[in-house]
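Work through the exercises below with the model open. Try each task before reading its solution.

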Amino acid sequence: MAIELKMPALSPTMEKGTLARWLVGAGDTVKAGDLIAEIETDKATMEMEAAEDGRIARLVVPAGSVDVPVGAVVALLSAGEDTDPVPLAAAETYAEPVQTLPVSAPDVSSTSLARRLATARGIGLDTIAGSGPRGRIMAADLGLATAASVALIPAEDRPLPAPQGIPMRSESLSTMRRTIARRLTESKQTVPHFYLTARCRLDGLLELRRELNGAVSHRGARVSVNDFCIKAISWALEQVPEANVQFAGDRIHRFERVDIAMAVAIEGGLVTPVIRDVAALSLGAASEASRSLAAKAREGRLTPGDYEGGTATISNLGMFGIDEMVPVINPPQAMILGIGAGVEQPWKIDGDIALATIMAATGSFDHRAIDGALAAQFMAAFREAIEAPMLLIA
């Protein structure tokens with residue numbers, strides 16, 4: 001009896017994945033729970049397990065195949081009978097997408113080609129039966145010619161040819177990079193961003209940090225400015241809970257816990273593991289959690305439980321010497337805070353002008369969920385916590 005092994009959904013939002021590497025070959029015997037493949041998602045590389053005991057009869061999808069839909073058959077397992085292995089060359093394959101103008105779209109929940117074409121032709125999508133995976137509506141379902149479909153793609157969305165005569169090489173985007181491009185494009189196109197910047201004096205925080213780090217042993221946890229910022233976001237959201245929200249169409253989700261996603265740069269992209277219930281953590285515990293998650297991210301060991309959710313995001317480029325940054329909202333969240341470097345500059349202190357270390361923090365807010373005055377209250381609370389850091393270790 002042949003058993004179909006299908007591309008698993010390794011997170012609630014996963015629709016496609018890259019079959020990075022097979023850990024077995026045709027003819028190999030496996031037991032339930034054995035690792036048989038490595039799957040690359042937009043967040044991490046994870047392992048796929050055999051569902052039952054048996055022998056690998058066919059590897060349907062070759063290693064390195066990209067955009068394999070969730071639920072697609074990737075291998076056949078023979079159980080209870082002696083089935084000869086099927087050579088890979090005879091198997092169905094998934095070709096890597098050609099980087100040309102799209103003529104079809106994945107579904108109607110994004111700025112897809114199908115939606116654009118339907119809008120342009122006045123076609124109601126609720127009347128269309130989708131022929132794509134899991135009923136997704138494709139451009140072909142709209143009964144439109146391919147040439148017309150390409151012509152209707154807005155000029156700003158069409159990929160431009162590379163300039164001639166310049167030595168170059170073209171590389172296919174990784175699953176992670178494609179997902180980043182799609183999500184952030186949708187964020188800027190669909191979320192009404194507005195921005196507020198607060199300049200915070202860091203001198204007291206830096207002195208407290210030196211005292212705390214000097215008091216721990218060489219094996220103890222050393223806190224960073226980023227750790228203070230994570231706690232300050234949590235403290236500010238406790239003071240202004242109306243800002244701890246998410247826009248949800250005809251309603252607003254109001255969160256009763258602060259979970260902060262932390263942007264971590266890794267090879268090939270960016271991930272945002274989440275520190276849970278930051279308000280309940282001490283500064284040291286928050287520091288340990290951020291270091292642990294950052295290490296897992298860089299080693300490709302994040303699980304869906306590490307990066308799902310989050311009520312706000314912090315993105316810190318201060319360690320790269322960037323004075324100020326204006327980040328893009330991480331949907332579906334309503335807020336992200338961008339942190340710059342502490343810069344020594346003239347500042348008014350007790351009526352006099354003196355040098356002080358000043359950090360610029362810029363919040364990007366979803367105006368559908370957070371109004372300007374509310375965002376200003378949050379930014380003021382954040383600055384208060386940064387400039388009175390004892391609030392964060394009480």
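**Exercise 1. Two backbone outliers**

Task: Where is Asp350 found, and is Asp350 buried or exposed?

Solution. Asp350 is found in the loop between β17 and β18. Helices (H or I, at least four residues) and strands (E, at least two) are DSSP runs, numbered from the N terminus. Next, take the backbone: phi of Asp350 is near 50 degrees, a positive value in a residue other than glycine. Then take the surface: the relative accessible area of Asp350 is 77%, so Asp350 is exposed. The cut-offs are under 20% relative accessible area for buried, over 50% for exposed, and partly exposed in between (1.4 Å probe, protein chains only).

This is a predicted model: local features need pLDDT of at least 70, side-chain atom pairs count only at pLDDT 80 or more, and totals for chains, interfaces and linings use all residues. Residues are numbered from 1 along each chain as its sequence is written, and side-chain values use heavy atoms, with hydrogens and water left out.

Task: Which loop holds Asp277, and what is its relative accessible area?

Solution. Asp277 sits in the loop between β15 (274-275) and α6 (283-298). Phi of Asp277 is near 45 degrees, again positive in a residue other than glycine. With a relative accessible area of 29%, Asp277 is partly exposed.

**Exercise 2. A cis peptide bond**

Task: What is omega for the peptide bond from Pro331 to Pro332?

Solution. Omega is near 10 degrees, and the bond is cis. Now place the residue: Pro332 belongs to the loop between β16 (312-316) and β17 (335-349).

**Exercise 3. The aromatic pairs**

Task: How many aromatic pairs does the structure hold?

Solution. Apply the criterion first. Rings of Phe, Tyr and Trp (its six-membered ring) pair if their centres lie within 6.5 Å; planes under 30 degrees apart count as stacked, over 60 as edge-to-face and the rest as tilted. The structure holds two such pairs. In one of them, Phe365 and Phe378, the ring centres are 6.3 Å apart and the planes stand at 80 degrees, so the pair is edge-to-face. Phe365 lies in strand β18 (residues 352-366) and Phe378 in helix α8 (residues 372-387), so the pair ties together parts that are 13 residues apart in sequence.

Check burial. Phe365 is buried, at a relative accessible area of 0%. Phe378 is buried, also at 0%. Finally, extend the pair: Phe194, Phe365 and Phe378 form one aromatic cluster.

**Exercise 4. Helix α3**

Task: What span should the 16 residues of helix α3 have, and what is the distance between its end C-alpha atoms?

Solution. The expected span is 1.5 Å times one less than the number of residues. For α3 (residues 175-190) this gives 22 Å, and the end C-alpha atoms are 22 Å apart, which agrees.

Task: Which residues of α3 are buried?

Solution. They are Thr175, Met176, Thr179, Ile180, Glu186 and Ser187. Seen down the axis of α3, the buried residues fall within an arc of 145 degrees, so they line one face of the helix. The arc is that of the directions from the helix axis to the C-beta atoms. An α-helix has 3.6 residues a turn, so residues three or four places apart point the same way. The buried residues of α3 pack against β2 (16-22), β4 (35-40), β9 (193-201), β13 (264-266) and β14 (269-271). Contact here means heavy atoms within 4.5 Å.

**Exercise 5. Strand pairing**

Task: How many bridges join strand β1 to strand β8?

Solution. Two strands pair if DSSP finds at least two bridges between them. Five bridges join β1 (residues 2-6) to β8 (residues 73-78), and the two run antiparallel. Ala2 stands opposite Ser78 in β8. Ser78 is buried, at 3% relative accessibility.

Task: What is the bridge partner of Ile56 in β8?

Solution. The partner is Leu77. Strand β6 (residues 54-59) is joined to β8 by four bridges, also antiparallel. The C-alpha atoms of Ser78 and Ile56 are separated by 6.3 Å, with their positions 22 residues apart along the chain.

**Exercise 6. Whole-chain totals**

Task: What share of the 394 residues of the protein chain counts as buried?

Solution. The share is 42%. The chain has eight helices and 18 strands. Of its contacts with a separation of 6 or more, 64% are between residues 24 or more positions apart.
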